[in-house]
Amino acid sequence: MGIIAPESDLSWISKIQVNHPAVLRRAEQIQARRTVKKEWQAAWLLKAVTFIDLTTLSGDDTSSNIQRLCYKAKYPIREDLLKALNMHDKGITTAAVCVYPARVCDAVKALQAAGCAIPVASVATGFPAGQTHLKTRLEEIRLAVEDGAAEIDVVINRSLVLTGRWEALYDEIRQFRKACGEAHLKTILATGELGSLTNVYKASMIAMMAGSDFIKTSTGKETVNATFPVAIVMLRAIRDFFWKTGNKIGFKPAGGIRSAKDSLAWLSLVKEELGDEWLKPELFRIGASTLLSDIERQIYHHVTGRYAAYHDLPMS
């Protein structure tokens, strides 16, 4: 999307306040909902698979485990299970593969070898803390794009939020946008470290104004990651931004989303807050590393009537 120039004075940002108790009440409503059952659940779980950014961000990542991850991204659910659901010819894959910048080449090669067009997403800008020099962070983006990353998940400098330096935050993200070139920019707010829901809303608005294609809750490395209160605030910011500009910005919760039941709650929340238009990979992603395993386990149970042993559903 194009960059939206900020107002000459961003003092209006400091006047924003979020109604914390109201947000918590809404979050409780979502968590208290009964989930869908049987074939409806299976259908929603398969839909959830198509939103997953299948992620590995470990210090011991190697080309071999990146290759396995890419294979799993192309074949996320066992073929016989998909055939039982008559979904084997629907081209179900994950939305993307997300890795460290140094592993982008491995992921691109593995996906090309598999004849797969799944995009590679790379974290960048001193992930997860964002505390390296700006010049280094910008170069990291450029190198990841050169290596073939189609999406860049950047982290913001949290100190700019905590000290209310909104113009500086806008300028920094705008530079990230420029460094991405044609690649999609997903801006990680690290909401667990922003201090308040009001700051989450403000940071969301600044990130979208500066040209982000997505706003993302967390790196997955914070003490507190994706939560429903934070998500509600970010989704309301996305809605407000759409009403004001006509631009649809994507949403990506990440960190701590491990169960199939969790994924259904997230889909329900996005559907209720933003509508069906946002329930597509272009506007909604789930950052996860272990979620897919539980979804496949639930699909296995739906098809066979029993739960799978660990060796029944290997990673690849």
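Okay, let's start on helix H5, residues 104–113, because that's where Asp106 sits. This is a predicted model, by the way, so keep that in mind throughout. The Asp106 side chain makes a polar contact of 2.7 Å with the side chain of Arg103. Setting aside anything within four places in sequence, Asp106 touches Ser63 and Ile66.

Now, over to the two lysines. The UniProt entry, which is unreviewed, puts its "active site" annotation on Lys216 and Lys252. They're spread over 37 residues of sequence, yet in space they cluster, with a largest C-alpha distance of 4.5 Å. Both Lys216 and Lys252 are also in the lining of the largest pocket.

Let's take Lys216 on its own. You'll find it in strand S6, which runs over residues 214–216. So is Lys216 buried or exposed? The relative accessible area is 3%, and the cut-off for buried is under 20%, so Lys216 counts as buried. Its side chain has a polar contact of 2.9 Å with the side chain of Asp153. Beyond its neighbours within four places in sequence, Lys216 is in contact with a set of residues that includes Thr187, Ile188, Met234 and, yes, Lys252.

Next, Lys252. This one is in strand S7, residues 250–252. Lys252 is buried as well, with a relative accessible area of 0%. Which side chain does the Lys252 side chain join in a polar contact of 2.8 Å? That would be Asp53. Again leaving out neighbours within four places in sequence, the contacts of Lys252 include Asp53, Asp153, Lys186, Lys216 and Arg285. Asp153 is worth a look on screen, since it turns up in the contacts of Lys216 and in those of Lys252.

Last stop, helix H2. H2 covers residues 38–49, so 12 residues, and from first C-alpha to last it reaches 17 Å, close to the 16 Å expected at 1.5 Å a residue. Which residues of H2 are buried? Ala42, Leu45, Leu46, Ala48 and Val49. Those five cover an arc of only 155° around the axis, so they're on the same side of H2. As a reminder, an α-helix has 3.6 residues a turn, so residues three or four places apart point the same way.

And what do the buried residues of H2 pack against? Strand S1, at 52–55, plus three helices: H4 at 79–84, H11 at 260–274 and H12 at 291–304. Asp53, the polar partner of Lys252, falls within that S1 range, 52–55.

That's my tour, thanks.

Terms used. Residues are numbered from 1 along each chain as its sequence is written. This is a predicted model: local features need pLDDT of at least 70, side-chain atom pairs count only at pLDDT 80 or more; totals for chains, interfaces and linings use all residues. Side-chain values use heavy atoms; hydrogens and water are left out. Helices (H or I, at least four residues) and strands (E, at least two) are DSSP runs, numbered from the N terminus. Buried means under 20% relative accessible area, exposed over 50%, partly exposed in between (1.4 Å probe, protein chains only). The arc is that of the directions from the helix axis to the C-beta atoms. Contact means heavy atoms within 4.5 Å. UniProt positions are given in the numbering used here, feature names are shortened, and annotations may be inferred rather than shown by experiment. On a 1 Å grid over the protein atoms alone, a cavity is a set of points where a 1.4 Å probe fits but cannot get out, and a pocket is an open set with protein on both sides within 12 Å along at least five of seven lines; lining residues have an atom within 4 Å of a point. A polar contact is a pair of N or O atoms within 3.5 Å; within protein, one must be able to donate a hydrogen and the other to accept it, and residues adjacent in sequence count only if both atoms are side-chain atoms.
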